[in-house]
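This report introduces a protein model to a reader who has not met it before. It starts with the whole chain and then turns to selected parts.

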Amino acid sequence: MLKTDKTLAQLRDHIDDVDGQLIQLLKLRNELTSQVGEVKSQTGMPIYVPSRESEMIAARREQAESIGLSPDLAEDVLRRVIRDSYRSQHTNYRCINPSINKVVIIGGAGALGKVFVTLFEQSDYSVTSLEKNDWARADEIFTGADLVIVAVPIKLTVSVIEGLSTLPKECILADITSVKDQPLQAMLKVHQGPVVGLHPMFGPDSPGMIKQVVVVCHGREPDKYEWLLEQMRTWGAVLHESSSKEHDSAMAFIQVMRHFSTFVYGQHLKEEDPSLASLLMFSSPIYRLELAMVGRLFAQAPELYADIIFNNAESLALLKRFHARFGEALKLIEEVDKASFVNQFNETKQWFGDYAEQCLIDSKQLLLKADDSQLLRKTQRK
């Protein structure tokens, strides 16, 4: 027994030594990626280059397999390291258009507005925020502005835009609201210069735009705001062009239906009042993760989700159709019609096609990562 204990202690010492070497190597890698970030900031190269990342991961997977190490382990570690380098090593970006005199962000003190203020400042633009107490000086603030971005809550966006009739003629007017058609039409009506609608598909807790999608809805004179799109690419964003109507239609499914369903699920739990601790105790990792997504919604501002759900023109009709289909599915249970349930299940499975199988694979990998975190551990709630 003593010999076993001694052997185990020696092995643990070796593991500690190797772990220490890993930490030193990670530090060295951070120093190198920091230098890469400096070069990119000087040349204007995008922070995120998908082809470079894919090639790097593929090479390391091949190397791992050749020496008998799990390629999945190598990829998991490398992706985590890469993510950290993106977020921590890039605090300065190249200014794509140094001729810009002033950027004004209406609502720059807000959650998402702050993200844009920081990014513009990190690119050496002169940035001014205009808040609700500054409207008496609005004309003064807008003087000399080359870009004005509206970053206010959805319910205020159109009314704020309608008050922007005194912007400089060549100024670019943009908004970053999650509803696009009404704000875009309002901007085109009130301002005769360049106009573009933007929807950053990330929340204010994001450290920046690296690997984040930004939807671009063109308005007027796109050549005048091409530098802005290139600036976002330099920040690491992936741009997706869309019409405003196509965007809003997609958001009805992506945001409205999901948020509303989650709201109803959470409300139902509250009314039924089961023990949350018991639910978590009896849940497998996938159900804990799903419950975490419900809890995530209710940890945030209700006004945000109310605006998203209530301000999309397609919301009510879509949710009514969803409600009707829920009722039809419930009727199958009432009639104990398992055959129809299976038939409808298979029809929907066919509609998803290969994507369903890919989701199964991806979700397994996601669960393995989540199971190592605090997310799937027992709740401390009594």
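## Overall picture

Among the contacts in this protein between residues at least 6 apart in sequence, 68% join residues that are at least 24 apart. The model is a predicted one, and its secondary structure comes to 15 helices and seven strands. Taken along the principal axes, the C-alpha atoms fill a box of roughly 85 × 65 × 40 Å. Of the 382 residues in the protein, 35% are buried, while the protein exposes about 23900 Å², of which carbon and sulfur atoms supply 57%.

The domain assignment of the protein gives domain 1 (1-89), domain 2 (103-242) and domain 3 (247-373). The centres of domain 1 and domain 3, taken over C-alpha atoms, are separated by 36 Å.

## Nonpolar cores

The largest nonpolar core has 40 residues, and those with the most contacts inside it are I105, F120, L198 and M209. Helix 4 (residues 111-122) gives the largest share of this core, namely six residues. Because domain 1 (1-89) and domain 2 (103-242) both give residues to this core, it lies between them.

For I105, the residues touched, not counting those up to four places away in sequence, are G113, F116, V117, F120, V127, T128, S129, L130, I149 and A151. Apart from this core lies another, of 23 residues, which includes A145, V150, V160 and C217.

## Helix 9 and its surroundings

Helix 9 covers residues 244-272, and a kink of about 40 degrees in this helix is centred on M251. Its buried residues are S244, H247, D248, M251, A252, Q255, V256, M257, H259, S261, T262 and G266, so that M251, the centre of the kink, is listed among the buried positions as well. In general, an α-helix has 3.6 residues a turn, so residues three or four places apart point the same way.

What do the buried residues of helix 9 pack against? Their partners are helix 7 (181-190), strand 5 (195-200), strand 6 (213-220), helix 11 (285-298), helix 12 (302-310) and helix 13 (315-334). One of these partners, helix 11, has buried residues of its own, which are R288, L289, L291, V294 and L297.

The table sets out the expected span of three helices, at 1.5 Å a residue, beside the distance between their end C-alpha atoms; for each helix the two values agree.

| Helix | Number of residues | Expected span | Distance between end C-alpha atoms |
|---|---|---|---|
| Helix 9 | 29 residues | 42 Å | 40 Å |
| Helix 14 | 15 residues | 21 Å | 21 Å |
| Helix 11 | 14 residues | 20 Å | 20 Å |

Helix 9 is followed by D273, whose phi is positive, near 55 degrees. Helix 14 (residues 338-352) is followed by G353, and the phi of G353 is positive, near 60 degrees.

## Strand 5 and the residue H199

H199 lies in strand 5, and with a relative accessibility of 4% it counts as buried. Leaving aside residues up to four places away in sequence, H199 touches T177, S178, K180, V213, V214, V215, H247, M251 and Q255. Within that group, H247, M251 and Q255 are also among the buried residues of helix 9. By contrast, H199 and E131, which are 68 residues apart along the chain, have their C-alpha atoms separated by 20 Å.

## Loops on either side of strand 6

The loop between strand 5 and strand 6 contains K211, which has a positive phi of about 65 degrees although it is not a glycine. At 37% relative accessibility, K211 counts as partly exposed.

The loop between strand 6 and helix 8 (222-234) contains E221, another residue that is not a glycine and yet has a positive phi, here of about 55 degrees. Is E221 buried or partly exposed? Its relative accessibility is 26%, so E221 counts as partly exposed.

Helix 8 itself holds D223, which is exposed, with a relative accessible area of 58%. D223 and P194 are 29 residues apart in sequence, and their C-alpha atoms are 8.7 Å apart in space.

Definitions and conventions
Residues are numbered from 1 along each chain as its sequence is written. This is a predicted model: local features need pLDDT of at least 70, side-chain atom pairs count only at pLDDT 80 or more; totals for chains, interfaces and linings use all residues. Side-chain values use heavy atoms; hydrogens and water are left out. Helices (H or I, at least four residues) and strands (E, at least two) are DSSP runs, numbered from the N terminus. The expected span of a helix is 1.5 Å times one less than its number of residues. The bend at a residue is the angle between axes fitted to the seven residues ending there and the seven starting there. Buried means under 20% relative accessible area, exposed over 50%, partly exposed in between (1.4 Å probe, protein chains only). Contact means heavy atoms within 4.5 Å. A nonpolar core is a set of buried Ala, Val, Leu, Ile, Met, Phe, Trp, Tyr and Cys residues joined through side-chain atoms within 4.5 Å. Domain bounds come from an automatic or database domain assignment. Accessible areas come from the Shrake-Rupley method with a 1.4 Å probe; for residues, only the protein chains shown count as cover.
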